[in-house]
Amino acid sequence: MVSFPKKIKSLYIDGKWQSAASGKTDPVYNPATMEKITEVSFGGKQETVKAIQSASKAFLQWSSMTGRERSQILYRAYQLMMEDADRLAEILTTEQGKPLKEAKGEIQSAASFLLWYAEEASRLYGEWIPSSKQEKRLLVIPQPVGVVAAITPWNFPSSMITRKVGPALAAGCTVVLKPAPETPLSAIEIVKMFEKAGLPEGVFNLVTGDAKEIGETLLGDKSVRLITFTGSTEVGKYLMRESSRHVKKLSLELGGHAPILVFEDADLELAAELSLASKFRNAGQTCICANRLFVQESVQEAFSEKLLEKVKALKVGYGKEEDTDIGPLINQQALEKVESHLKDAVSRGAEVLYGGGVIDCGLQGYFYQPTVLANVNPDMRVMYEETFGPIIPVQTFKTEEEAIERANDTDYGLASYMFTENLNRAYRVMEKLEYGIVGVNDVLPATAEAPFGGIKQSGIGKEGGHHGIHEFVEMKYVSMGIKV
Ligand SMILES: NC(=O)c1ccc[n+]([C@@H]2O[C@H](COP(=O)([O-])OP(=O)(O)OC[C@H]3O[C@@H](n4cnc5c(N)ncnc54)[C@H](O)[C@@H]3O)[C@@H](O)[C@H]2O)c1
Ligand SMILES: O=CCCC(=O)O
């Protein structure tokens, strides 16, 4: 069983672990039991300035190393993460709440980004452009953007860090990481892993503490050239506005409102099983979780029967128990949002087919029943706001055109899904869905080798794949006059 000291020096600046200058600390709780796990340092402006200076100082050396040299350190970090996977998963569940089997999956996924970008570090290619003039040679060379500020959320406290830090380090950037206050322990472990892997001092810095003050300091400093953020659309918009001060580059992975379309030619058993997997993963607190389920009228009854049967079999409880399917919500605020969405839907005529309230698991945490709603309409908050909890509204549609129109009727554009056995339909619908990601008979699209990211108000840029490293480079165009 993992254990923690009462207080942890969680600021990692210029290769040294330290406390906040103010001596302030921030408690970290287990959301299943509400026990205090430990306290971490509560940094602010002063520590962030030092972290930026440290990253700036380290940039020249790190960016001058060959891709192959950087690759070796990333590969070592990958190996360390895999060797320590069980302990890291337990830490993740302790501070975040998700079932251990999901936490283990996240650690594997987090490590896979390190492996992928260890490989990509050696393959950051430029371009040679055939010139229209005899006396000129034209080249494009990729160069690291410089100091990167990475701001990450609590729902995937490991993989959201490695998905940013992996490509940033591979490209030759140095990093200041600000993790979510709810889940700093996974971030600390990742930094320790890089320390052990031999990363030079100052290349990777960690600042925990006052989000507003840290954010403001990162935004106000000219030497931070890129903000890479995963979190809510609201905070993403703020960062985008404020980045204009120094015209920083931005990469934003924001909220979603994923639709699932179940067509009459779908494998209904598969559709029910995967709809459930999508909706209730991490208790519904996943950016690509299904938020709206649209089922073709002719199969609605058969599908709902299968769905309900499976939902009823789900076990809500402590993530550390083997048979738990759904853990707690992250905090009181999250619980209040879920409750308010349910209340709003019911007051506007929704029918609760299953669930619909908190559940007593004999623990103090924020446990909520998996909930299925019918008779929903577009005016309900569940239909246009991200619930970030285990509620799934089910609606019917008549035609393919109607399904596409309703699926696209949102400001979000992260992930969307469809179930059909008809290849022609799959292709037609996929092309018309206004989303960065489309899952066809698949609800787990995130993988290191593919570009993950949203459009519309779900974000800018891609993480993963060979595309992901390009967020962290500038393409320098070189025009050379030569004597022929
Ligand atoms: N698109 C994706 O890939 C993806 C992945 C995971 C989560 N998300 C989204 O993240 C959200 C849930 O995460 P959350 O509640 O942690 O989001 P959040 O926006 O509240 O917080 C995210 C991070 O931003 C920090 N932050 C908050 N205010 C800030 C400020 N003024 N300046 C600087 N930093 C600030 C937080 O401390 C945290 O580290 C959901 O909307 C979810 O959809 C998106
Ligand atoms: O980006 C958020 C979700 C990540 C995942 O599905 O593993």
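Glu253 is in contact with Thr230, Gly453, Gly454, Gly459 and Glu463, leaving aside its neighbours within four places in sequence. Contact here means that two C-beta atoms, placed from the backbone, lie within 7 Å.

This is a predicted model: local features need pLDDT of at least 70, side-chain atom pairs count only at pLDDT 80 or more, and totals for chains, interfaces and linings use all residues. Residues are numbered from 1 along each chain as its sequence is written, while chains are lettered from A and ligands numbered from 1 in the order in which they are written.

**The annotated pair**

An unreviewed UniProt entry lists Glu253 and Cys287 under "active site". They span 35 residues in sequence, yet no two of their C-alpha atoms are more than 8.9 Å apart, so they gather at one spot. UniProt positions follow the numbering used here, feature names are shortened, and annotations may be inferred rather than shown by experiment.

| Residue | Place | Other C-beta atoms within 10 Å |
|---|---|---|
| Glu253 | strand β12 (residues 249-253) | 27, buried |
| Cys287 | loop between α9 (268-280) and β14 (290-296) | 28, buried |

Buried means 20 or more other C-beta atoms within 10 Å of the residue's own; exposed means 12 or fewer, and partly exposed lies in between, with C-beta atoms placed from the backbone. Helices (H or I, at least four residues) and strands (E, at least two) are DSSP runs, numbered from the N terminus. Cys287 touches Gly255, Gly256 and Leu414, not counting residues up to four places away in sequence.

**Around ligand 1**

Both annotated residues return here. The shell around ligand 1 has 29 residues, of which Gly215, Gly231, Ser232, Glu253 and Cys287 come nearest. A residue is near the ligand if its C-beta atom, placed from the backbone, lies within 6 Å of it. Two elements, α7 (211-220) and α8 (233-243), give two or more residues to this shell. Helix α7 gives the most, with 3 residues. By type, the shell divides into 15 nonpolar, 10 polar and 4 charged residues. Nonpolar covers Ala, Val, Leu, Ile, Met, Phe, Trp, Tyr, Cys and Pro; charged covers Asp, Glu, Lys and Arg; the others, Gly among them, are polar.

**Two domains**

The shell draws at least three residues from each of domain 1 (7-254 + 458-477) and domain 2 (258-446). These bounds come from an automatic or database domain assignment. The C-alpha centres of domain 1 and domain 2 lie 31 Å apart. Their contact takes 15 residues from domain 1 and 22 residues from domain 2. On the domain 1 side, helix α4 (residues 100-120) gives the most, with 3 residues. That side divides into 6 nonpolar, 6 polar and 3 charged residues.
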